[in-house]
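Q: I am new to this structure. Please show me how to read its features, one at a time.

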Amino acid sequence: MLNNGSVAAADLITADPEPFKWRMGVKPLELNDWLLVDDQRTADLEEIGRLIDSHREETIYCQSSALKGCEELATEVLQHLRQLPGLESIELDKQNMSLIEAVRRVIQEDVCLLEKRSSGWTMTACAVAIPTQWDVASKFGKTLDVIHEPVPRYDTDLSQPMTRFFDRLQPEKPVWRANRTLTDDPSLRLEPHRRHQPLRDDITVDNVADRVWLRVEYQTLRRLPQSGAIVFTIRILRQKIKSVATHPGVLTELLRSLSTLPADVRTYKDSTSRHAGLIKQWAVSTGLVTAEDSTQH
Ligand code: HEM
């Protein structure tokens with residue numbers, strides 16, 4: 001149980017096994033924790049509505065085969081939200097928009113729907129307004145292997161386990177996992193080009209804890225029982241490094257795991273790796289961590 005409503009990015013940082021290998025890292029999900037609602041909901045949904053209006057072509061996608069799954073998703077979303085105080089009579093506004101867009105406008109999560117095709121699990125619908133540095137439109141209608149093409153080592157570490165996992169995922173056994181990024185941009189939507197931008201000159205060891213954010217993607221996967229489609233949700237959790245540092249052990253674990261990244265993964269997670277270097281200098285200089293603790297054992 002994640003304590004719905006008050007989960008922080010730092011709460012989802014767990015130890016990575018060494019040596020580095022991408023792992024599925026999925027854990028059982030309690031359905032109460034599927035969609036997180038917090039006191040930012042109104043502000044987030046206003047911002048997301050504006051982002052959909054200004055980026056609809058690169059945000060919303062739906063093939064006709066996905067319509068049944070989208071209907072089922074809409075029912076599940078309303079059922080989930082209606083259990084929460086103040087949302088008991090929530091409805092979707094389906095005027096002039098696709099169902100997946102109507103769903104996206106009432107939840108703080110981005111959402112993708114996948115269907116099994118002969119070429120593999122394929123993203124046949126999505127509403128992704130606040131990606132973390134990825135190009136959403138280039139993934140429309142693509143298989144998991146193609147979607148993950150930019151991720152080094154995906155083919156050796158994840159491709160087969162992912163296919164097996166998706167094939168076997170049962171409706172009554174949903175899961176969650178988390179991804180982490182370090183960024184100087186606290187916006188909900190992060191454009192792909194930010195990943196490889198040089199570090200800003202004005203971010204220094206002295207101000208990095210105030211200027212850089214831990215951004216965690218809280219991801220869930222569940223299979224819809226009737227359509228058989230798989231729903232993937234991505235909720236963005238953001239926390240300033242200064243606040244992360246108040247969680248005992250988390251900063252050390254984060255820096256240690258980022259220090260174990262091999263060169264190709266470091267290049268892929270470019271800005272994250274470079275921010276980690278500066279945060280480590282700050283954390284060691286303030287005595288929060290030792291150089292040894294925050295480095296690979
Ligand atoms: C258990 C399921 C999954 C696992 C284990 C997984 C794993 C990963 C990993 C390790 C990365 C690199 C992340 C990083 O920067 O640290 C990644 C990136 C990504 N994943 Fe997944 N993923 C899963 C499901 C999905 C699904 C269902 C989708 C979409 C339908 C998806 C879309 C993406 C995208 C778009 C990226 C960024 C790729 C880019 O840089 O262009 N993932 N994933």
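Q: Which residues surround the ligand most closely, and how many are there in total?
A: A residue is near a molecule if its C-beta atom, placed from the backbone, lies within 6 Å of it. Here 20 residues surround the ligand, and the closest are Trp-22, Cys-112, Trp-134, Pro-150 and Phe-232. This is a predicted model: local features need pLDDT of at least 70, side-chain atom pairs count only at pLDDT 80 or more, and totals for chains, interfaces and linings use all residues. Residues are numbered from 1 along each chain as its sequence is written.

Q: Which helices and strands each supply at least two residues of the shell?
A: Helices (H or I, at least four residues) and strands (E, at least two) are DSSP runs, numbered from the N terminus. Strand S3 (110-117), helix H6 (159-168) and strand S5 (175-183) each supply at least two shell residues.

Q: What is the make-up of the shell by class?
A: Ala, Val, Leu, Ile, Met, Phe, Trp, Tyr, Cys and Pro count as nonpolar; Asp, Glu, Lys and Arg are charged; the others, Gly among them, are polar. The shell around the ligand has 15 nonpolar, 2 polar and 3 charged residues.

Q: How many residues of helix H9 are buried?
A: A residue is buried if 20 or more other C-beta atoms lie within 10 Å of its own, exposed if 12 or fewer, and partly exposed in between; C-beta atoms are placed from the backbone. Helix H9 (residues 250-259) is mostly covered, with 7 of its 10 residues buried. They are Val-250, Leu-251, Leu-254, Leu-255, Arg-256, Ser-257 and Leu-258.

Q: What do the buried residues of H9 pack against?
A: They pack against helix H8 (241-244) and helix H11 (270-285).

Q: How do H9 and H11 pack?
A: Two packed helices are described by the angle between their axes and the distance between the axes. Axes are lines fitted to C-alpha atoms, for helices over the stretch in contact, and angles run from 0 to 180 degrees between N-to-C directions. H9 and H11 pack at about 135 degrees, with axes 10 Å apart. That angle makes H9 oblique to H11. Angles under 35 degrees count as roughly parallel, over 145 as roughly antiparallel, 65 to 115 as roughly perpendicular and the rest as oblique.

Q: Which residues make the contact between H9 and H11?
A: Two residues are in contact if their C-beta atoms, placed from the backbone, lie within 7 Å. H9 brings Leu-251, Leu-255 and Leu-258; H11 brings Thr-272, Ser-273, Ala-276, Ile-279, Lys-280 and Ala-283. By class, the contact has 6 nonpolar, 2 polar and 1 charged residues.

Q: What about unusual backbone geometry?
A: Most residues other than glycine have a negative phi, and most peptide bonds are trans. Here the bond from Glu-18 to Pro-19 is cis, with omega near -5 degrees. Pro-19 sits in the segment before strand S1 (27-28). Gln-133 is not a glycine, but has a positive phi of about 60 degrees. Arg-153, not a glycine either, has a positive phi of about 70 degrees.

Q: Is Gln-133 buried or exposed?
A: Gln-133 is buried, because 21 other C-beta atoms lie within 10 Å. Arg-153 has 16 C-beta neighbours inside 10 Å, so Arg-153 counts as partly exposed.

Q: Where does Lys-139 lie?
A: Lys-139 is in the loop between strand S4 (120-127) and helix H4 (144-147). Lys-139 has 20 C-beta neighbours inside 10 Å, so it counts as buried. Leaving aside neighbours within four places in sequence, Lys-139 is in contact with Met-123 and Ile-147.
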